[in-house]
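User: I have a model open and want the reasoning behind its labels. Can you take me through the pockets, the domains and a few residues?

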Amino acid sequence: MQGSANLNLMIKAARKAGRSLVKDFREVENLQVSAKGPGDFVSKADREAERIIKEELRGARPSYGWLGEETGEEAGEDPTRRWIVDPLDGTTNFLHGLPHWAVSIALEHKGEVVAGVIFDAAKDELYYAEKGLGAYMNETRLRVSGRRNMIEAIFATGVPFGGKSTLPATLQDLARLMPQCAGVRRFGSAALDLAYVAAGRYDGYWERGIHAWDMAAGLILVKEAGGFIGPVREGREIFETGSVIAANAELFEPLGKILRQPA
Ligand code: LIP
């Protein structure tokens, strides 16, 4: 795909941050056995990845705004455009030496995500999409799955940890959905969950209580791969509620119906 200059810039930044994280990940694997553990080291790796991305993106487009997991929000001279960045999505996996984490970079224009890049550096899988141009993984065009029956479908979600208020609702979702489908996976990276829906590996995904930077790039990947996205609570904005449902066209409604049943 012949992407825009902005998309190429995002890919360059994601690859550069990914290289830095891969180096740090090797060290994290060694630190698992140390008494102190890799906690501080991982925080530093995360911040360094955001620094690299910010330097690339803001250096090239100084007028764009910024929303990053590590450094928060910064307004730009151009109020219509902002980068939405999670330098390391799947931090808990990274911390435990599990090779399932990614760099996630999105570009928003007038409130709509118009380009997204997710780089799974440990597996060398680069996902990218741009409005109207389709979604890709490395050189391969992505399409959502064609499954139509809930009972054959595999869904992904994130189960909140550390006493988050969305835990009871998520457990209820699981109790309702699991008897009606072929399985639910919880791999620990919202960005990759969405990329996997775009790639047809999962038939759908939902999660409650996540942030714009966890999902922004993944949302355009799913849309450009022919999937549907929406909030768990109808009539609200995805970013505003921090809840999202993504699935192929056939399973989007049935999945939403199950998740939206009153308590
Ligand atoms: C994490 C997600 C994970 C989700 C967590 C968290 P982080 O992002 O991707 O799937 O369940 O709530 O938001 O903190 O690793 O960037």
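Analyst: This is a predicted model, and the answers below set its computed values against the terms used for them.

User: What makes the domain count what it is here, and where do the bounds fall?

Analyst: The domain assignment gives domain 1 (5-141) and domain 2 (150-259). Their centres, taken over C-alpha atoms, are 21 Å apart.

User: How do you know that domain 1 and domain 2 are in contact?

Analyst: Contact means heavy atoms within 4.5 Å. By that rule, 38 residues of domain 1 are in contact with 22 residues of domain 2.

User: Which residues and elements line the largest pocket?

Analyst: The lining has 25 residues. Nearest the centre are Asp 89, Phe 161, Gly 188, Glu 207 and Asp 214. At least two lining residues come from each of β3 (78-89), α3 (91-95), α5 (190-198) and α6 (212-224). The volume of this largest pocket is about 440 Å³.

User: How do you know which domains supply the lining of the largest pocket?

Analyst: Set the lining against the domain bounds. Domain 1 (5-141) and domain 2 (150-259) each give at least three residues to the lining of the largest pocket.

User: What is the make-up of that lining by class?

Analyst: The largest pocket is lined by seven nonpolar, nine polar and nine charged residues. Gly counts as polar in this scheme.

User: Which residues does UniProt list as "binding site", and how do they relate to the largest pocket?

Analyst: The unreviewed UniProt entry lists Glu 69, Asp 86, Leu 88, Asp 89 and Asp 214 under "binding site". These positions spread over 146 residues of sequence, yet they cluster in space, with a largest C-alpha distance of 9.4 Å. Glu 69, Asp 86, Leu 88, Asp 89 and Asp 214 are in the lining of the largest pocket. Such annotations may be inferred rather than shown by experiment.

User: Why is Asp 86 called buried?

Analyst: Buried means under 20% relative accessible area. Asp 86 has 0% relative accessibility, so it counts as buried. Asp 86 is found in strand β3. Beyond four places in sequence, Asp 86 touches Glu 69, Ala 102, Val 103, Ser 104, Trp 213 and Asp 214.

User: And Arg 61: why is it called partly exposed?

Analyst: The partly exposed class lies between 20% and 50% relative accessible area. Arg 61 has 23%, so it is partly exposed. Arg 61 sits in the loop between α2 (39-60) and β1 (64-68).

User: Which residues further along the chain are in contact with Arg 61?

Analyst: Leaving aside neighbours within four places in sequence, Arg 61 is in contact with Ala 5, Asn 6, Leu 9 and Trp 83. Trp 83 is 22 residues from Arg 61 along the chain, and their C-alpha atoms are separated by 9.9 Å.

User: Why is the second largest pocket placed between the domains?

Analyst: Both domain 1 (5-141) and domain 2 (150-259) give residues to its lining, so the second largest pocket lies between them. The lining includes Glu 108, Val 113, Leu 219, Lys 223 and Phe 239. Elements that give two or more residues are β5 (112-120), α6 and α7 (238-241). The largest share, three residues, comes from α6.

User: What are the volume and the residue classes of the second largest pocket?

Analyst: The second largest pocket holds about 220 Å³ of space. Its lining divides into six nonpolar, one polar and four charged residues.

Technical notes. Residues are numbered from 1 along each chain as its sequence is written. This is a predicted model: local features need pLDDT of at least 70, side-chain atom pairs count only at pLDDT 80 or more; totals for chains, interfaces and linings use all residues. Side-chain values use heavy atoms; hydrogens and water are left out. On a 1 Å grid over the protein atoms alone, a cavity is a set of points where a 1.4 Å probe fits but cannot get out, and a pocket is an open set with protein on both sides within 12 Å along at least five of seven lines; lining residues have an atom within 4 Å of a point. Grid points are joined across faces, edges and corners, and a volume is the space filled by probe spheres set on the points. Helices (H or I, at least four residues) and strands (E, at least two) are DSSP runs, numbered from the N terminus. Domain bounds come from an automatic or database domain assignment. Buried means under 20% relative accessible area, exposed over 50%, partly exposed in between (1.4 Å probe, protein chains only).
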